[in-house]
Amino acid sequence: MLQREMEQSMTVDGVNRTSETELTLRSQISDLARVPPWIEHLGLQYSLPSSTTFAMDLCLEEVLSNIIRHGYAGKTDRPIVIRYEPVQEKFFVLVIDDEAPQFNPLAAEEVNVEETLDGTRVGGLGIHLLRQFAASLKYEPTPAGNRLIIGFSAAG
Amino acid sequence: MQMATEQLAGDVTKVVFDGRFDIAGADAVDLKMNVIAGSKKFVLIDMQKVSFLGSMGLRTIVSAARTIKSRGGKMAVFGPDEEVEKVLTMSGVTAMVPIHHDIQTAIASLQ
């Protein structure tokens, strides 16, 4: 279903178009460059605090790069759909859908930051930052793949 | 991400970053930062113009700090904005690389 949505979101000029509150990416690192301007636009449109837009930017960079590198494992034409939902019970919400094999990033072991910084353990900082900057995190397996729901405090 | 270097008194090398320290930003400066980490002993990272810092940017900083420390040197960060400083603090990097908001104090911390 996501693949169809992505195809529908592409216009005749071949450029990905998106509704104001939804962004569809291809599974390639270069597509991550489209995220910051989209968040900046949301911030202006919905008067989001700068701390919230920074947290959204950071969480999306970590989640999306993880989906592209590990979930889709090098496939560059797979869809990732990000949807913004305005305030819901004190949270701004981002919903991220992909069609990668099911994987719950929230089940990952909490990183030992000291070991990571010492170089004795590789990786894990991304999910650590996600947990620190998100106000809420929820994972749902979907028939197509994965859904991650990230809440951000409306209080900034 | 732009990167510039400046040699200061006391054998201190100031590295000025300008832009987003995201995946693309880290890719753009990793090699140059490796050269500095492998050749300079006292390094001050000027982050006043860094608007974003993600885990890949953190890795660049931590990797350089580790190399410099292994060579008996020191590294410090100067001037990050509130959100970038929060990333540095929450990731625990400040245990290895202290943050300063006064340039003279930052330079003195390397001596």
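Here are four short exercises, with worked solutions, on a predicted model.

**Exercise 1. Helix H1 of chain B**

Work out what span helix H1 (residues 23-39) of chain B should have at 1.5 Å a residue, and compare that with its end C-alpha atoms. Then find where H1(B) is kinked, which of its residues are buried, and what covers them.

*Solution.*
- Step 1: The expected span is 1.5 Å times one less than the number of residues. For the 17 residues of H1(B) this gives 24 Å, and the end C-alpha atoms are 24 Å apart, so the two agree.
- Step 2: Follow the axis next. H1(B) has a kink of about 45°, centred on Asp30(B).
- Step 3: List the buried positions: Ile23(B), Gly25(B), Ala26(B), Val29(B), Met33(B) and Ala37(B). An α-helix has 3.6 residues a turn, so residues three or four places apart point the same way.
- Step 4: Look for the cover. From chain B it includes strand E1 (2-8), strand E2 (12-21) and helix H2 (55-70), and from chain A it includes helix H3 (50-71).

**Exercise 2. The hairpin of chain B**

Decide whether E1(B) lies in the open or is buried, and describe how E1(B) pairs with E2(B).

*Solution.*
- Step 1: Count the buried residues. Among the seven residues of E1(B) the number is zero, so this strand lies largely in the open.
- Step 2: Check the pairing. E1(B) and E2(B) run in the antiparallel sense, with seven bridges. As a landmark, Gln2(B) stands opposite Asp18(B) in E2(B).
- Step 3: Inspect the turn. Three residues lie between the strands, and Gly10(B) takes a positive phi near 75°.

**Exercise 3. The surroundings of Phe78(B)**

Place Phe78(B) in its strand, say whether it is buried or exposed, and name the residues it is in contact with beyond four places in sequence.

*Solution.*
- Step 1: Phe78(B) belongs to strand E4 (residues 74-78) of chain B.
- Step 2: A residue is buried if 20 or more other C-beta atoms lie within 10 Å of its own. Phe78(B) has 22 within 10 Å, so it is buried.
- Step 3: Leaving aside neighbours within four places, its contacts are Leu44(B), Ile45(B), Asp46(B), Met47(B), His100(B), Ile103(B) and Ala106(B).
- Step 4: Now try Thr67(B), 11 residues from Phe78(B) in sequence: the C-alpha to C-alpha separation is 19 Å.

**Exercise 4. Chain A as a whole**

Summarise the helices and strands of chain A and their order.

*Solution.*
- Step 1: Chain A has five helices and five strands, ordered α-β-α-α-β-β-α-α-β-β along the sequence.
- Step 2: Of its 156 residues, 35% count as buried.

Notes. Residues numbered from 1 in each chain as written. Chains lettered and ligands numbered in written order. Predicted model: local features only at pLDDT ≥ 70, side-chain atom pairs only at ≥ 80, totals over all residues. Helix = DSSP H or I, 4+ residues; strand = E, 2+ residues; numbered from the N terminus. Bend = angle between axes of the 7 residues up to and from the residue. Buried ≥ 20, exposed ≤ 12 C-beta atoms within 10 Å, placed from the backbone. Contact = placed C-beta atoms within 7 Å. Pairing = 2+ DSSP bridges.
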